[in-house]
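User: I am new to this structure and would like a close look at how one part of it is packed, with the reasoning behind each step. Please also set that part beside its surroundings, beginning at the surface.

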Amino acid sequence: MPIVHIDLIAGRSQAQLKGLVKDVTAAVSKNTGAPAEHIHVILSEMQKDRYSVGGVLKSDEEAK
């Protein structure tokens, strides 16, 4: 049973998240042969003030 973990910054719509898990499931199934019903996708959303790139919080980037 494939398990896919995806970390992303919060803010996407429910429709976007549904599309993401549908497409990821299809890609994993196509490339591994695993049936879609056995593929688990775990989404972990982070707030912008809990994620940084190059020492700058994403929440501070937007304030520029």
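**From the surface to helix 1**

Analyst: Asp49 counts as partly exposed because its relative accessibility is 37%. The model is a predicted one, and every value given here is computed from it. The partner of Asp49 in a salt bridge is Arg50, with 3.5 Å between the closest N and O atoms. Arg50 has a relative accessible area of 63%, and therefore it is exposed; the cut-off for that class is over 50%.

The count of salt bridges comes to two. Besides the pair just described, the side chains of Glu61 and Lys58 meet in a salt bridge, at 2.9 Å from N to O. Both residues belong to helix 2 (residues 58-61), where they are three residues apart, about one turn of the helix. Glu61 has a relative accessible area of 33%, so this residue is partly exposed.

The surface also has a nonpolar side. Met1, Ile3 and Ile42 make a nonpolar surface patch of about 310 Å². Ile42 is placed in strand 2 (residues 40-46), and its relative accessibility of 36% is why it counts as partly exposed.

The part that deserves the close look is helix 1. This helix runs over residues 14-32, which makes 19 residues; at 1.5 Å a residue it should span 27 Å, and because its end C-alpha atoms are 27 Å apart, the model agrees with that expectation. Its buried residues are Leu17, Val24, Thr25 and Val28. These cover an arc of only 100° around the axis, so they lie on the same side of helix 1. The other side of helix 1 carries the exposed residues Ala15, Lys18, Lys22, Asp23 and Lys30. After helix 1 comes Gly33, with a positive phi near 80°.

What lies over the buried side? Strand 1 (3-9) and strand 2 are among the elements that cover the buried residues of helix 1. Two residues show this packing in detail, one from the helix and one from a strand.

Thr25, placed in helix 1, has a relative accessible area of 15% and is therefore buried, since that class requires a value under 20%. If its neighbours within four places in sequence are left aside, Thr25 is in contact with Ala36, Ile39 and Val41.

Val4 lies in strand 1. Not counting residues up to four places away in sequence, Val4 touches Val24, Val28, His40, Val41 and Ile42. Val24 and Val28 are among the buried residues of helix 1, so the contacts of Val4 lead from strand 1 to the buried side of that helix. Ile42, another contact of Val4, is in strand 2 and takes part in the nonpolar patch. Val41 is touched by Val4 and is also in contact with Thr25.

Separations between C-alpha atoms give a further view. Val4 and Glu37 are 33 residues apart along the chain, and their C-alpha atoms are separated by 13 Å. Gly55 and Val21 are 34 residues apart along the chain, with 30 Å between their C-alpha atoms. Gly55 is placed in the loop between strand 3 (52-53) and strand 4 (56-57), and it counts as exposed because its relative accessibility is 73%.

Note on methods. Residues numbered from 1 in each chain as written. Predicted model: local features only at pLDDT ≥ 70, side-chain atom pairs only at ≥ 80, totals over all residues. Heavy atoms only, no water. Patch = residues over 30% accessible without salt bridge, like charges linked within 9 Å, V, L, I, M, F, W, Y side chains within 5 Å. Areas by Shrake-Rupley, 256 points an atom, 1.4 Å probe, with all protein chains shown as cover. Salt bridge = Lys/Arg side-chain N within 4 Å of Asp/Glu carboxyl O. Helix = DSSP H or I, 4+ residues; strand = E, 2+ residues; numbered from the N terminus. Buried < 20%, exposed > 50% of the residue type's maximum accessible area, 1.4 Å probe, protein only. Expected span 1.5 Å × (residues − 1). Arc of directions from axis to C-beta. Contact = heavy atoms within 4.5 Å.
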